[in-house]
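Let's take a walk through this structure together, one region at a time. Keep the viewer open as you read, and follow along with each stop.

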Amino acid sequence: MKSHRINPPCRLSRKLALLSGIALLSSAALAMAGEKVIRTAYGDVTSIDAPKSQQLNAKTAQAHPFATARQRAAAKPAVWVDRDSKAGPAASAELTDKLVRTAGSAPGGDAPAFGNYLARSHFRATWDKLDALDARQGAAPDVSISQEKDGAHYGYTRTLGNYYTTQWKASPWNKIGKLYFTTPSGGSSYCTAQVSSGTAVLTTAAHCVYTFGAGFNSNFLFVPAERYGEAPYGKFGWSTARVPTNWINQGTRRWDVAVIKLTGEQVSGIPVTSYVGWLGRAWNQPYSLFTYSHGYASNLSTQYTNICAGQTYDAPSEGTNVVVQGCDMTYGASGGAWLINYTPNSSAGNQVNSVVSGPHIGAFGTAWVGARFNDDNIVALCTAIGC
């Protein structure tokens, strides 16, 4: 009679651990398999496509982790990680690279004339709720006028964004919204983003799309003109996302830009541009421009946007292709548009020239920085995704 050999417990444990390790490696390999590098004439871009489980439609919308206002309210604002202070001052030769490339721009566009009517008919309960809120809305919160404490000492004025009834339904404010996502560690978070192309492409910060040192975020959901937790223009899933490969390798401010292609509204299937239109873009522009930067800043209010208006400038400590502006907004504003040629209630002008990246070195809560849009970042990204 054959004897059957029994593995000792310790050997069995080692085998199970080995099998578990192989399974984990396989899972990691599968997770990375969706990433690919796209080579453009302007630089390398890393992309990822949405899994089928994240491509929303009317049947799957309710299962999304940010489907309800309560789920979205639980999301934490993306925090800033100040890595650039370790890099030290940039070489002065770098800062001479200001306008060596041709300045360019792309125009914004309006939604069809019936865009608001369409949204009201599709999301009537939401519009009725916001109309009732507007009717009983009290006095506006105080605005802030402050003096920036570093660099060129440019002052700024902070005003309210889509707090006002006249603004949340109009350009450029209705094109800016909240971007929700799940981090690689499983946390729920949000940033600010905006529709910046007639092909339904968002611009935002790279750290809102790819967590430096950890990988791509997931479950992206965009809510244009979100106000008091409501979604007056619906909710939009994603099909693909792109970040500069240099963001993954270096994680510095000049590369902190990303683009996301949206799918149609999760219930109606209609493109976001049919509801709100899109903002323009500008690149290779001067460092010093009068700019209006927007964000859902959690230190002021997560319920609506605020705007900082002031002159931008360059700072040697930040290096090339980084712009600085005085502003007291912090977490949650990441990815928000810095608009030049600001033209309220119009699709003309309103060009995204940068997005919020993080605090100016040594000036948390008084000044912030963004990647200066140029050939290396936004042009490469738009070439790769089709803005």
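A salt bridge here means a side-chain nitrogen of Lys or Arg within 4 Å of a carboxyl oxygen of Asp or Glu. By that criterion, the structure holds eleven salt bridges. Before we visit some of them, a word on the ground rules. This is a predicted model, in which local features need pLDDT of at least 70 and side-chain atom pairs count only at pLDDT 80 or more, while totals for chains, interfaces and linings use all residues. Residues are numbered from 1 along each chain as its sequence is written, and side-chain values use heavy atoms, with hydrogens and water left out.

Now for the overall picture. The secondary structure of the chain comes to eight helices and 21 strands; both are DSSP runs numbered from the N terminus, helices being H or I with at least four residues and strands E with at least two. The chain has 387 residues, and 52% of them count as buried. Buried stands for under 20% relative accessible area, exposed for over 50%, and partly exposed for anything in between, using a 1.4 Å probe and protein chains only. Contacts (heavy atoms within 4.5 Å) reach far along the sequence: among those with a separation of 6 or more, 72% are between residues 24 or more positions apart.

Let's return to the salt bridges. Side chains of opposite charge can pair when their charged atoms come close. Take Asp 131 and Lys 169, whose closest N and O atoms are 3.8 Å apart. Asp 131 belongs to helix 4 (residues 124-135) and Lys 169 to the loop between helix 5 (165-168) and strand 7 (176-182), so this salt bridge ties together parts that are 38 residues apart in sequence. Asp 131 is partly exposed at a relative accessible area of 25%, and Lys 169 is partly exposed at 24%.

Which other parts of the chain are tied together in this way? A second salt bridge joins Asp 328 to Arg 158, with 2.8 Å between the closest N and O atoms. Since Asp 328 sits in the loop between strand 18 (322-326) and strand 19 (337-340) and Arg 158 in strand 6 (residues 155-160), the pair ties together parts that are 170 residues apart in sequence. Both Asp 328 and Arg 158 are buried. A third salt bridge brings together Lys 178 and Glu 226, at 3.4 Å from N to O. This pair also links distant parts of the chain, with Lys 178 in strand 7 and Glu 226 in the loop between strand 12 (218-224) and strand 13, 48 residues apart. Lys 178 is buried with a relative accessible area of 5%, and Glu 226 is buried with 2%. Some salt bridges share partners, and in this way Arg 120, Asp 128, Asp 131 and Lys 169 are joined into one network.

That network leads us to a pair of helices. The axes of helix 3 (residues 115-122) and helix 4 come within 5 Å and cross at roughly 105 degrees. These axes are lines fitted to C-alpha atoms over the stretch in contact, with angles from 0 to 180 degrees between N-to-C directions. Helix 3 is therefore roughly perpendicular to helix 4, a label that covers 65 to 115 degrees, with under 35 counting as roughly parallel, over 145 as roughly antiparallel and the rest as oblique. On the helix 3 side, the contact is made by Asn 116, Ala 119, Arg 120, Ser 121 and His 122, and on the helix 4 side by Arg 124, Trp 127, Asp 128 and Asp 131.

Next come the strands, which pair if DSSP finds at least two bridges between them. Strand 14 (residues 258-265) runs antiparallel to strand 9 (residues 201-204), and four bridges join the two. Here Leu 202 stands opposite Ile 260. Strand 14 also pairs with strand 13 (residues 236-244) in the antiparallel sense, over five bridges, and there Trp 238 has Leu 262 as its bridge partner.

Our last stop is His 64, in the loop between strand 2 (43-49) and helix 2 (69-73). His 64 is buried, with a relative accessible area of 5%. Not counting residues up to four places away in sequence, His 64 touches Leu 56, Gln 71, Asn 219, Phe 220 and Leu 221.
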